[in-house]
Amino acid sequence: MDALGDLLRGVRADGALFNRRVLTRPWETHRDEGAALELITVVRGSVRVSVAPDETRTLREGGAAIVCTKAPFTLATIGNECELVSGSYQLDNSVGRRLISTLPPLLAVPSGEECMPIVELIAAEIAADRPGRQYVMDRMLDWMLACTLREWFDLPEACPPAWYRALGDDVVGPALHAMHDEPARPWTVAALAARAQVSRAVFARNFTDLVGRPPMAYLTEWRMTLAAELLAEPGATVASVAGQVGYADGFGFSDAFKRIRGIAPSAYRASLTTGELGASRTTDTAGASPASGNAASGPALRVAG
């Protein structure tokens, strides 16, 4: 199991909003509606990113920040000016919510040689007018997001979810890998304990202590997360999704889904078409508009290929 890859399941830029701006004074960005996550990278200069008085990070050339809050945030140049490139994800319904729920409102990583080439490519692509550039920039944004998160999770001050940290545990790690690799398998506490090569009692205690919930409760939540994503796929049915997440029939699956997600899977799937669920359950939004300061840039950019 690739833990970071699992967090990024369902997170894919599609018609993402991009912006390239040169800051000369503080710039406040309002996130009104549409996106749940914004990635900001520094092409040159230095900038301070603030989502609250006590939530501020400083970025230098090549550095990146992820803003994950619906509150306005402020960008303030350090020095004469700073050039930034940003991209906003439009995350609808439950897709990507698992990632969003694990991140703080603001995270930052220092400049690194690994990410700098893609920063420069994104900046150049925004300025260009070439066929297919929206698709190209969407894929670049996905690359940059994965790169930034990988570096952040490796930082000592990072706060990944409990299950992410537990992957490295000798007892709990093998069981977590098994659940994520084979969610449809009829797992029991005994079977998972056997994977960990400890008794059921030791396994259940260690799992609950490290992950924060009992193993079977965690497994059910993970299955329902997968189910929500599978229900969004074209042609999906409640019965087919039930089988893919370990349920022999749709009745038991429907009960579990409604208990965990608060809505029946059939109603959830119907809402994906009407957009009602997305409107009622979207918790992080984004748009960009200047409230103060001065920035030499165009509006947020969605380019057509």
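Me: Relative accessible area sorts residues into three groups: buried is under 20%, exposed is over 50%, and partly exposed lies in between (1.4 Å probe, protein chains only). Why is Arg44 called partly exposed?

Reply: Arg44 has a relative accessibility of 33%. That value lies between 20% and 50%, so the middle label applies. One caution about the source: this is a predicted model, where local features need pLDDT of at least 70, side-chain atom pairs need pLDDT 80 or more, and totals for chains, interfaces and linings use all residues. Residues are numbered from 1 along each chain as its sequence is written, and side-chain values use heavy atoms, with hydrogens and water left out.

Me: What makes Arg44 and Glu83 a salt bridge?

Reply: The term needs a side-chain nitrogen of Lys or Arg within 4 Å of a carboxyl oxygen of Asp or Glu. For Arg44 and Glu83 the N to O distance is 2.9 Å. That is within 4 Å, so the pair counts. Side chains of opposite charge can pair when their charged atoms come close.

Me: Which parts does the pair of Arg44 and Glu83 tie together?

Reply: Arg44 lies in strand S3 (residues 37–44) and Glu83 in strand S8, so parts 39 residues apart in sequence are tied together. Strands (E, at least two residues) and helices (H or I, at least four) are DSSP runs, numbered from the N terminus.

Me: How do you know that Arg20 and Glu83 meet in a salt bridge?

Reply: Their N to O distance is 2.5 Å, so the pair passes the cut-off. Arg20 sits in strand S1 (residues 17–23) and Glu83 in S8, so this pair ties parts 63 residues apart in sequence. Arg20 is partly exposed at 31%. Glu83 has 7%, so the label for Glu83 is buried. A network of salt bridges links Arg20, Arg44, Glu81 and Glu83.

Me: How many salt bridges are there by this rule?

Reply: The count comes to eight. One of them joins Glu182 and Arg185, at 3.5 Å from N to O. Both ends are partly exposed: Glu182 at 33% and Arg185 at 39%.

Me: What makes the link between Ser88 and Glu38 a polar contact?

Reply: Two N or O atoms must lie within 3.5 Å; within protein one must be able to donate a hydrogen and the other to accept it, and residues adjacent in sequence count only if both atoms are side-chain atoms. The side chains of Ser88 and Glu38 are joined at 3.4 Å, so the distance passes. Ser88 belongs to strand S8 (residues 82–89). At 8% relative accessible area, Ser88 is buried.

Me: Why is the pair of Trp163 and Tyr164 called edge-to-face?

Reply: Rings of Phe, Tyr and Trp (its six-membered ring) pair if their centres lie within 6.5 Å; planes under 30 degrees apart are stacked, over 60 edge-to-face, and the rest tilted. The structure holds eight aromatic pairs. For Trp163 and Tyr164 the centres are 6.0 Å apart and the planes meet at 65°. The angle is over 60, so the name fits. Trp163 is buried at 6%. Ring pairs also link Trp152, Phe153, Trp163 and Tyr164 into a cluster.

Me: Why is the pair of Phe203 and Phe207 called tilted?

Reply: The angle between their planes is 55°, with 5.7 Å from centre to centre. That angle is neither under 30 nor over 60, so tilted is the label. The two are four residues apart in helix H8 (residues 200–211), so about one helical turn separates them. Phe203 and Phe207 are buried.

Me: How do you know that the charged end of Arg139 sits over the ring of Tyr135?

Reply: NZ of Lys or CZ of Arg must be within 6 Å of the ring centre and within 35 degrees of the ring normal. The charged end of Arg139 is 5.1 Å from the centre, so the distance test is met.

Me: How do you know that helix H6 is largely enclosed?

Reply: Seven of the ten residues of H6 (residues 172–181) are buried, so the rest of the structure largely encloses H6. Among them are Val172, Leu176 and His180.

Me: What makes S4 and S5 a strand pair?

Reply: DSSP must find at least two bridges between two strands. Five bridges join S4 (residues 47–52) and S5 (residues 55–59), which run antiparallel, so they pair. Two residues lie between them in a hairpin. Val47 stands opposite Leu59.
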